[in-house]
Every structure is written in C-alpha cells, then in structure tokens.
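Visitor: Could you take me through this model step by step, giving the reasoning behind each answer?

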Amino acid sequence: MTTGSPEGPPTQWKDIHQAILSTLDALNASTSWIATAATVGIEPVFERVLQQVCGPAEVSPQAYIEHITRDTGMRREVQQRLSRLMENPKLVTMRREAQRREAEHQLHVLHYVLSGKQPPEWVWATIDEDQREQLREAAESGEERDDELLPRVQRAIHKLEVTPGIYGLCEDCYAIILIERLQLVPWAECCAACQRKREGVPDQAPEPEVRVTYF
C-alpha cells in the first residue's frame, strides 16, 4: 500500500531522491518533455517524474514532497534541477514563440477596442460569438478609447508583424523583457527597470530571474 506519511526509512528516501534527481538530469538531456512544459508549465512534468519514481517504491509523491520540504539540502537539489529545465534553450525559445503569438492576439483585440478596427480573421475566428458581441459594444461605445495607449499598442503590433525578432527586447538597455512582464503588459517597450527610469521612479534592485519554487 502506498503510504502518505513523510516518515520512512532514511535509506528509502535517499534512494527515491537520487532516482528523482537522475530522472530530472536525464530529462534535461532529452527533448520529449519540452512541448508539454512550453504549453502547461514545468509542474506537470515534475509531477509525472514523481509518479514514475514514487509509485514503484509505494510512496506517495506528496509524502516525498513533505520529506524534502523539511530537508534544505534535498529541496535545493531538486530546485536546481527544475531551474535547469526551465533554462533549457529550446524550452525558452518555445515559450517565447508561444508568448509572442498570445501577445499578438491580445494586442489585436485591445486595438479593436481602442480603435474600432476589427482584428485579423485568425484572431476573430478564435473568439466566440458572445465575446465578439461584448467587444463590438466596447469598440462602438468608445468608452475604452485611450489616445496614449493606442499608439503603444500599434507600435507593438508593428514589431510583431514586421520585425518580430525585436519584440520583447528593451528599447533602452536591449535586455530581454521577462515573459511574465509581457504577459501582463504585451505593449511594453522596456524592461521594468528602464520603465522606472523613463517615469522618473527611484531605481530599485535589478529584477531577479524567475526561478522555479515548487515547494
């Protein structure tokens, strides 16, 4: 019977932990997991590893998580492996491409609301009739018009359509803008640090890279 208790023989936890680390290392050398991680994130990939290793050992994945949560060294080793997976160049490229496509969709929809100009057919086709009606009402009412935001949205769309390679690069320092920032502000021209400088906001510490903190 699979146990849900985090208690267990020390040797058993050590063996399970090493098997999980080895599996994560093997994944980093393969590409089979990248499409899943690019689509739904690294968590489902890690959960599958836990099930593959913990199942035969008759230990629940949750019990393993609870065990290493109390062990700083083990937890750090797993987090390091997950971070390496997230930094895989192919995954980063796929996430960037997916983010660009989603950003282009969001920007065209926003442009429609701001300007009244209907988006391209490939965007319109992904929107159901109820959403279309809501967007039509918003666009026709003009209540969402914003003369400052509209040119920024148009500039971002132009980048994506004409020079996609520079979309997502800070216009001031040329650093890559964090995906998480672009998901929130797809029309962003700058990284958060340079945006603060443009706005005259007191400088802060550099943005940390987003790391996997599963625990």
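Visitor: Is Tyr174 buried or exposed?

Guide: In this predicted model, Tyr174 sits in the loop between helix H9 (149-162) and helix H10 (179-184). The relative accessible area of Tyr174 is 64%, and the cut-off for the upper class is over 50%, so Tyr174 counts as exposed.

Visitor: What is the phi of Tyr174?

Guide: Most residues other than glycine have a negative phi. Tyr174 is a residue other than glycine, yet its phi is positive, with a value near 65°.

Visitor: Which residue in the loop between helix H3 (43-54) and helix H4 (61-69) has a positive phi although it is not a glycine?

Guide: The residue in question has a phi of about 55° and is not a glycine. Its relative accessibility is 46%, so it counts as partly exposed. The residue placed in that loop, between helix H3 and helix H4, is Glu58.

Visitor: How many helices does the protein chain have?

Guide: From the N terminus on, the elements of the protein chain run α-α-α-α-α-α-α-α-α-α-α. Strands number zero in the protein chain, and the count of helices is 11.

Visitor: What share of the contacts in the protein chain between residues at least 6 apart in sequence joins residues at least 24 apart?

Guide: The protein chain has 215 residues, and buried residues make up 37% of them. Its accessible surface comes to about 12,600 Å², with 51% of that belonging to carbon and sulfur atoms. For contacts between residues at least 6 apart in sequence, the share that joins residues at least 24 apart is 62%.

Visitor: How many residues apart in sequence are the parts that Arg81 and Asp25 tie together?

Guide: Arg81 and Asp25 form a salt bridge, in which the closest N and O atoms are 3.1 Å apart. Because Arg81 lies in helix H5 (residues 72-86) and Asp25 in helix H1 (residues 10-28), the pair ties together parts whose separation in sequence is 56 residues.

Visitor: Which residue of the salt bridge between Arg81 and Asp25 is buried?

Guide: Asp25 has a relative accessibility of 35%, so it counts as partly exposed. The relative accessible area of the partner is 16%, and buried means under 20%, so the buried residue is Arg81.

Visitor: Which residue meets Arg136 in a salt bridge?

Guide: Arg136 is partly exposed, with a relative accessible area of 24%. Its partner is partly exposed at 46%. The N to O distance of this salt bridge is 3.3 Å, and the side chain that meets Arg136 is that of Glu129.

Visitor: How many residues apart in sequence are the parts that Asp172 and Arg198 tie together?

Guide: The side chains of Asp172 and Arg198 meet in a salt bridge, with 3.0 Å from N to O. Because Asp172 lies in the loop between H9 and H10, while Arg198 lies in helix H11 (residues 192-198), the pair ties together parts whose separation in sequence is 26 residues.

Visitor: Which residues do salt bridges that share partners join into one network?

Guide: Asp172 is partly exposed, with a relative accessible area of 36%, and Arg198 counts as partly exposed at 43% relative accessibility. Salt bridges that share partners join these two into one network with others, and its members are Arg155, Lys159, Glu171, Asp172 and Arg198.

Visitor: How many salt bridges does the structure hold?

Guide: The pairs discussed include Arg81 with Asp25 and Arg136 with Glu129. For the structure, the number of salt bridges is nine.

How values were computed: Residues are numbered from 1 along each chain as its sequence is written. This is a predicted model: local features need pLDDT of at least 70, side-chain atom pairs count only at pLDDT 80 or more; totals for chains, interfaces and linings use all residues. Side-chain values use heavy atoms; hydrogens and water are left out. Helices (H or I, at least four residues) and strands (E, at least two) are DSSP runs, numbered from the N terminus. Buried means under 20% relative accessible area, exposed over 50%, partly exposed in between (1.4 Å probe, protein chains only). Contact means heavy atoms within 4.5 Å. Accessible areas come from the Shrake-Rupley method with a 1.4 Å probe; for residues, only the protein chains shown count as cover. A salt bridge is a side-chain nitrogen of Lys or Arg within 4 Å of a carboxyl oxygen of Asp or Glu.
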